[in-house]
Amino acid sequence: MEIEFFGAAGEVTGSCHILRVGGRTLLVDCGLIQGGHDATRRNRLDFPFDPAHIDAVLLTHAHIDHCGRLPLLVKRGFRGTIYTNAACRDLLPLLLRDTADLAAREAERRARRADEDEPRFEPLFDLDDVERTLKLVRALRYDAEYAPYPGVSMRVRDAGHILGSSSIEVSCTEHGVTKRIVFSGDLGQYDSPILLDPYRFESADLVLMESTYGDRLHRRREDTIKEIGEIIREADQENGNILVPAFAVGRSQEILYLLGQYFDEWGLDRWKIFLDSPMAIEASKVYWAHAERFDEEARRLRETFESMPELPNLRLCKTPQQSREINSIRTRAFIIAGSGMCNGGRILHHFLQNLERPECHVMITGFQAPGTLGRQLVDRVSTVRIHGQTLHLRAKVHTVGGLSAHGDQADLLRWYDSFSGRPLVCLVHGESEPAHALQHKIDKLGGKAIVPKPGTRLDLATMTMTSGSKT
Ligand SMILES: [Zn+2]
């Protein structure tokens with residue numbers, strides 16, 4: 001039995017780990033590589049395995065960098081089962097159909113620009129591939145043990161990252177030797193709005209752990225709330241707008257939840273609030289239908305309202321026309337729109353209207369991969385290119401790290417610290433610096449952490465590297 005590291009090894013996106021046990025081959029996640037000029041090419045490369053010979057995929061959650069290449073896997077021959085939980089199953093259609101739509105539009109755009117003799121740019125997958133993928137999904141109950149094959153059993157545990165996020169515990173037995181591996185998935189912050197905390201594990205022989213923010217501490221929640229209040233106050237005084245690029249699933253719901261909670265304190269009655277994303281509107285419905293995964297406070301709210309918490313001045317923009325109508329509003333529009341990393345979506349036309357206005361504010365609330373427009377904003381470049389136009393960045397950009405769906409270094413260490421016996425950790429889903437900073441911290445705790453490269457194999461019986469190299 002062995003693990004081979006393939007995706008999200010030495011980087012954040014494209015999660016995919018290969019687990020071989022008892023003659024079966026399982027994948028944990030099959031995500032899209034996002035950001036960087038090379039992502040399009042890399043997503044199209046052959047997998048280092050035959051998809052037809054993969055028995056099952058264990059899916060940790062519905063973010064695209066974890067599930068986005070599932071339809072490609074199916075297109076290339078995968079016919080096994082995709083195991084996940086019910087909330088993730090319900091979010092998956094939204095995200096995968098949206099990705100197929102974006103891919104089709106990108107292909108059309110390229111076809112318009114291409115010379116006649118150039119080969120046609122095919123989308124990575126289409127809606128048919130997505131529908132065939134969705135038919136393979138099977139939802140498991142959280143915390144219940146399930147044994148799909150002899151020698152393999154698993155449990156899905158809450159990861160507190162987005163609704164339907166999970167860490168997956170897999171027990172593998174081969175030749176009388178049993179090893180327990182915990183795949184962290186993406187781990188949320190403790191005490192984050194709406195969600196339960198990440199599950200507290202007690203033992204494992206091996207842990208694959210995300211390390212997105214392994215080198216930093218988020219602001220404390222109280223400070224984050226204060227910070228958002230100040231941004232709103234400043235924009236109010238300057239008569240500007242606030243733009244929040246947000247992932248449709250997770251961040252959008254958390255922001256709405258906070259706006260409801262602090263409505264009076266933040267003087268939001270003076271504002272018009274827009275959720276400008278059909279997918280975020282749909283995702284909100286799924287969120288609200290899965291109150292069984294909420295923390296106590298959110299559950300109480302859910303019981304009071306029996307629907308989404310009401311914001312009296314919230315407008316849900318489903319159509320492009322409704323989205324365009326926001327363009328005429330020059331002051332006190334609070335606009336939540338996708339995409340989360342600003343590499344597409346309706347947020348771009350709001351940027352065209354507002355980025356050159358010093359009275360406007362951009363609130364970055366999530367991780368921005370290198371190469372994305374969102375990352376350029378975080379890095380406060382002087383000009384950006386959007387839809388062929390060069391814009392001078394005059395709006396103020398705020399990175400509100402405390403709202404991140406990912407735990408910080410302290411959260412990650414707290415999660416690891418619950419394992420007795422300090423199991424070996426493979427740090428994945430992190431750029432080099434955060435991963436190595438976390439490695440250092442874990443070593444200081446008395447554990448042992450490695451940062452595997454793509455192609456590294458780990459023999460589970462002996463816990464030794466069998467190929468590839470560690471860093
Ligand atoms: Zn995620």
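Here a trainee and a mentor talk through the domains, cores and charge pairs of a predicted model.

Trainee: What ground rules apply before we start?
Mentor: Residues are numbered from 1 along each chain as its sequence is written, and side-chain values use heavy atoms, leaving out hydrogens and water. As the model is predicted, local features need pLDDT of at least 70 and side-chain atom pairs count only at pLDDT 80 or more, while totals for chains, interfaces and linings use all residues.

Trainee: Which domains does the assignment give?
Mentor: The bounds come from an automatic or database domain assignment. For the protein chain, that gives domain 1 (2-216 + 406-467) and domain 2 (221-403).

Trainee: Which helix gives the most residues to the largest nonpolar core?
Mentor: A nonpolar core is a set of buried Ala, Val, Leu, Ile, Met, Phe, Trp, Tyr and Cys residues joined through side-chain atoms within 4.5 Å; buried means under 20% relative accessible area, exposed over 50%, partly exposed in between (1.4 Å probe, protein chains only). The largest core has 74 residues, with Leu 27 and Leu 259 among those with the most contacts inside it. Helices (H or I, at least four residues) and strands (E, at least two) are DSSP runs numbered from the N terminus. With 8 residues in this core, the top contributor is helix α4 (residues 86-113).

Trainee: Which residues does Leu 259 contact, leaving aside its neighbours within four places in sequence?
Mentor: Contact means heavy atoms within 4.5 Å. On that basis, the partners of Leu 259 are Trp 266, Leu 268, Ile 273, Leu 311, Phe 334 and Ile 336.

Trainee: What area is buried between domain 1 and domain 2?
Mentor: Buried area is the accessible area (1.4 Å probe) that two parts lose on being put together, summed over both. Here 27 residues of domain 1 are in contact with 28 residues of domain 2. Carbon and sulfur atoms give 66% of the buried area, which is about 2500 Å².

Trainee: Which three residues supply the most of the area that domain 1 buries against domain 2?
Mentor: The top three supply 29% of that area, more than any other three residues. They are Leu 163, Pro 193 and Ile 194.

Trainee: How many salt bridges cross the interface of domain 1 and domain 2?
Mentor: A salt bridge is a side-chain nitrogen of Lys or Arg within 4 Å of a carboxyl oxygen of Asp or Glu. Across the interface of domain 1 and domain 2, the rule finds 2.

Trainee: Is Ser 153 buried or exposed?
Mentor: Ser 153 lies in strand β8 (residues 152-158). Its side chain joins that of Glu 145 in a polar contact of 3.1 Å (a pair of N or O atoms within 3.5 Å; within protein, one must be able to donate a hydrogen and the other to accept it, and residues adjacent in sequence count only if both atoms are side-chain atoms). At a relative accessible area of 13%, Ser 153 is buried.

Trainee: How many residues apart in sequence are the parts that Arg 375 and Glu 431 tie together?
Mentor: The side chains of Arg 375 and Glu 431 meet in a salt bridge (3.8 Å, N to O). Arg 375 lies in helix α12 (residues 373-378) and Glu 431 in the loop between β20 (424-428) and α14 (432-444), so the parts tied together are apart in sequence by 56 residues.

Trainee: Which residue of the Arg 219 and Glu 227 salt bridge is buried?
Mentor: These two side chains, Arg 219 and Glu 227, meet at 3.5 Å, N to O. Arg 219 is partly exposed at 47%. With a relative accessible area of 14%, the buried one is Glu 227.
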